[in-house]
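Visitor: I'd like to look at a structure with you and ask things as they come up. Could you put it on the screen?

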Amino acid sequence: MAVTIKDVASAAGVSVSTVSRAFTAPDQVQPQTLQRILDTAAKLGYAPNPAARSLRGGRTGSLGLIIPDIGNPFFPPIFKAMQARARRQGYTILAADTDEREFDEIETIAAVSKRVDGMVLWASTLGEQRLRELAQEIPLVLVNRHLEGIPELRVSLSAGISQAAEHLKAYGHTRCVFVNGSRPELSRGKSIRESFEAHELALAELGPYEPRFETGVHAATLVAAGEATAVLAHNDLVALGVLHQLAKLDVKVPGDVSVIGIDDTLLAATSTPSLTTIRISADEIATQAADLLIDTIAGKGGGRVVEIGSRLIPRASTGPAPR
């Protein structure tokens with residue numbers, strides 16, 4: 001049978017609460033008593049619950065990664081690369097999916113935070129006050145969400161979007177559509193519109209919708225009924241939905257409409273036609289996120305903002321605008 005905390009307390013001649021403090025707040029236990037408890041636990045083969053060790057003064061050896069949608073092919077490579085990076089520094093990764101719902105995120109954070117030493121929150125839906133409270137409870141890194149004083153990993157699309165606009169301009173496009181798949185407070189629409197207008201490209205916006213394949217299917221029907229000759233989608237998943245539906249509608253890509261995604265997932269290179277997209281490096285994100293969180297756990301994170309760049313990867317889904 002598994003050794004319990006009561007067994008350790010009895011063998012060491014102390015109370016259960018003293019054993020608990022030895023593993024969760026060792027600074028509150030007399031050194032001689034602490035050593036006796038640790039020796040007894042080792043002799044009996046007792047291993048404290050990871051959730052208990054994550055309380056004050058403890059260490060779980062795990063990092064939390066809270067992402068919006070594990071079904072999006074953008075996230076699994078990030079999880080895998082972050083896991084590899086964390087493992088080299090003595091940590092494992094516990095990942096969870098919120099399905100981009102605030103209530104699910106609240107429940108997920110409550111469960112995961114008990115089992116990790118710190119968390120990375122990707123595009124959190126939580127309010128500012130709750131995030132600040134959370135940052136007081138556990139080391140925290142935000143991705144694509146800025147709050148002064150909380151460490152942040154920022155993915156900048158500026159370079160990639162500017163390159164996409166130049167790319168379409170060079171091909172002779174003048175009327176474009178952005179399929180927006182983000183919440184209004186996180187929308188990329190404003191920066192995309194400014195960049196496209198700077199290149200004298202008219203940009204209509206559809207949405208905001210959910211950032212899913214089905215969104216692209218819906219948007220493609222609207223694009224086919226309009227006069228736009230180029231589409232920039234919120235991410236590759238939405239762009240693939242656009243490609244799928246345009247093919248069903250017998251709209252040629254890129255002969256009639258050019259399509260650009262964002263992320264550069266594996267599916268972008270293997271789709272038909274292969275998808276022009278704005279690349280965000282999963283390896284760089286994973287490395288920077290893991291390092292920033294580990295620094296934050298060690299008290300060295302401060303309010304640092306680390307920025308990741310982007311660049312356009314031209315493929316077969318873009319070409320000259322139809323005459």
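Visitor: In strand 10, what is the bridge partner of Ile 260?
Guide: Before anything else, please keep in mind that this is a predicted model. In strand 10, Ile 260 has Thr 276 as its bridge partner.

Visitor: How many bridges join strand 9 to strand 10, and are they parallel or antiparallel?
Guide: Strand 9, which covers residues 258-263, is joined to strand 10, residues 276-279, by 4 bridges, and the two strands run parallel.

Visitor: What holds paired strands together, generally speaking?
Guide: In general, the strands of a sheet pair through backbone hydrogen bonds, and they do so either parallel or antiparallel.

Visitor: What order do the strands take in the sheet with strand 9 and strand 10?
Guide: That open sheet is formed by 6 strands in the order 7-6-8-9-10-12, and its pairing is mixed. Strand 7 (202-206) and strand 12 (311-313) stand at the edges with a single partner strand each, so one side of each has no neighbour in the sheet. On average, neighbouring strands here are turned by 25 degrees against each other, if direction is ignored.

Visitor: Which strands does helix 11 touch?
Guide: Helix 11, residues 236-248, packs on this sheet and touches strand 6 (175-179), strand 8 (230-233), strand 9 and strand 10, while its direction makes about 155 degrees with that of strand 9.

Visitor: Back to Thr 276: buried or exposed?
Guide: Thr 276 counts as buried, because its relative accessibility is 0% and the limit for buried is under 20%. A polar atom of its side chain lies 2.7 Å from the backbone nitrogen of Arg 315. Leaving aside neighbours within four places in sequence, Thr 276 is in contact with several residues, among them His 167, Val 259, Leu 312 and Pro 314.

Visitor: New topic: what about the sheet with the order 2-1-3-4-5-11?
Guide: That one is an open sheet of 6 strands with parallel pairing. Its edge strands are strand 2 (92-97) and strand 11 (305-308), each of which pairs on one side only, and the twist from one strand to the next averages 20 degrees. Within this sheet, strand 1 (residues 62-67) and strand 3 (residues 118-122) run parallel and are joined by 4 bridges, with Gly 64 standing opposite Met 119 in strand 3.

Visitor: And which strands does helix 5 lie across?
Guide: Helix 5 lies across strand 1, strand 2 and strand 3, and it runs at about 160 degrees to strand 2.

Visitor: How many salt bridges are there?
Guide: The count comes to 16 salt bridges. One of them links Asp 291 with Arg 85, whose closest N and O atoms are 2.7 Å apart. Asp 291 lies in helix 13 (residues 282-297) and Arg 85 in helix 5 (residues 75-87), so this pair ties together parts that are 206 residues apart in sequence.

Visitor: What about Glu 152, which residue does it form a salt bridge with?
Guide: Glu 152 forms a salt bridge with Arg 154, and the closest N and O atoms are 3.2 Å apart. Glu 152 counts as buried at 2% relative accessibility, whereas Arg 154, at 30%, counts as partly exposed.

Visitor: Which residues are joined into one network by salt bridges?
Guide: Salt bridges that share partners join Asp 69, Asp 99, Arg 101, Asp 104, Glu 210 and Arg 212 into one network. Within that group, Arg 101 forms a salt bridge with Asp 99, their closest N and O atoms being 2.2 Å apart. Arg 101 is partly exposed with a relative accessible area of 44%, and Asp 99 is partly exposed with 24%.

Definitions and conventions:
Residues numbered from 1 in each chain as written. Predicted model: local features only at pLDDT ≥ 70, side-chain atom pairs only at ≥ 80, totals over all residues. Heavy atoms only, no water. Pairing = 2+ DSSP bridges. Axes fitted to C-alpha atoms, helices over the stretch in contact; angles between N-to-C directions. Contact = heavy atoms within 4.5 Å. Salt bridge = Lys/Arg side-chain N within 4 Å of Asp/Glu carboxyl O. Buried < 20%, exposed > 50% of the residue type's maximum accessible area, 1.4 Å probe, protein only. Polar contact = N/O pair within 3.5 Å; in protein donor to acceptor, adjacent residues only side chain to side chain.
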